[in-house]
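Student: I am new to this structure, and I would like to go through it step by step with you.
Tutor: Please look at the sequence and the model first, and then ask about whatever catches your eye.

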Amino acid sequence: MAPEPTDEIRIEFDAQQKLVGDLPPVKCGFCGTPSRGKLLHQGMLAGGFGWNCPCGARGLHAPLYDLDELYEDVLVAWGLDSRTPDHAPAVPVGESGLLFASYVDGDSLLAQLFAEARQQRAQVAATRIVAQFVMPGHTPPAWTWDVLWARPRPLG
């Protein structure tokens, strides 16, 4: 059973789809402290959303259905070493050679991602939030997001 959302946030954009103001805070997946939001700028996570907690945890919005593409960048964004996940390679669809289809087992990849982070001495957690985008002239339905958290363990 999926956890209940811990927060509901409103993310506002202007007519050019640029973020207006700061990304709202969400509760840390470890200590519950409101964590400062930030726009991400690296790799496949560029343009996405993350949160930093004073306890040292980093949270990332990472849809489980995209973990096959985000896996390595999530580890890097957490401050860990990048690793490639173990999953079936994508296969071409039709004759185009451009499109690929593969089933993504998000729960399995999440378990693999968390196991990798633990091997690198990080603590991990997952929370859910409800995110509402607000744009001039259009407000789409709210989304329920997975936020994946990691916090390095102190050495020693």
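Student: In what order do the seven strands of the open sheet stand?
Tutor: This is a predicted model, and in it seven strands form an open sheet with mixed pairing. Strands S1 (7–12) and S2 (26–27) stand at the edges, each with a single partner strand, so one side of each is left without a neighbour in the sheet. Reading across the sheet, the order is S1-S8-S9-S5-S4-S3-S2.

Student: Which residue in S4 stands opposite Gly37?
Tutor: Strand S3, covering residues 34–39, pairs with strand S4, residues 49–52, in the antiparallel sense over four bridges. The residue of S4 that stands opposite Gly37 is Trp51.

Student: Which strands does helix H2 lie across, and at what angle does it run to S8?
Tutor: Helix H2 is made of residues 106–119, and it lies across strand S8 (122–134) and strand S9 (143–152). The angle at which helix H2 runs to S8 is about 130 degrees.

Student: Are the rings of Phe49 and Trp145 stacked or edge-to-face?
Tutor: The structure holds five aromatic pairs. In the pair of Phe49 and Trp145, the ring centres are 5.5 Å apart and the planes stand at 20 degrees; because planes under 30 degrees apart count as stacked, this pair is stacked.

Student: How many residues apart in sequence are the parts that this pair ties together?
Tutor: Both Phe49 and Trp145 are buried, and ring pairs link them with Phe13 and Phe133 into a cluster. Since Phe49 lies in strand S4 and Trp145 in strand S9, the pair ties together parts of the chain whose separation in sequence is 96 residues.

Student: Which ring does the charged end of Arg151 sit over?
Tutor: The charged end of Arg151 is placed 4.4 Å from the centre of the ring that it sits over. That ring belongs to Phe30.

Student: Is Glu116, the salt-bridge partner of Arg83, buried or exposed?
Tutor: Arg83 and Glu116 form a salt bridge whose closest N and O atoms are 3.5 Å apart, and the pair links the loop between helix H1 (67–77) and strand S6 (91–92) with helix H2, 33 residues apart. Arg83 is partly exposed, with a relative accessible area of 36%. For Glu116 the relative accessible area is 12%, and because buried means under 20%, Glu116 is buried.

Student: What is the distance between the closest N and O atoms of Asp146 and Arg128?
Tutor: Asp146 in strand S9 and Arg128 in strand S8 are 18 residues apart. Asp146 counts as buried at 16% relative accessibility, whereas Arg128 is partly exposed at 22%. In their salt bridge, the closest N and O atoms are separated by 2.8 Å.

Conventions: Residues numbered from 1 in each chain as written. Predicted model: local features only at pLDDT ≥ 70, side-chain atom pairs only at ≥ 80, totals over all residues. Heavy atoms only, no water. Pairing = 2+ DSSP bridges. Helix = DSSP H or I, 4+ residues; strand = E, 2+ residues; numbered from the N terminus. Contact = heavy atoms within 4.5 Å. Axes fitted to C-alpha atoms, helices over the stretch in contact; angles between N-to-C directions. Phe/Tyr/Trp six-rings, centres within 6.5 Å; stacked < 30°, edge-to-face > 60°. Buried < 20%, exposed > 50% of the residue type's maximum accessible area, 1.4 Å probe, protein only. Lys NZ or Arg CZ within 6 Å of the ring centre and 35° of its normal. Salt bridge = Lys/Arg side-chain N within 4 Å of Asp/Glu carboxyl O.
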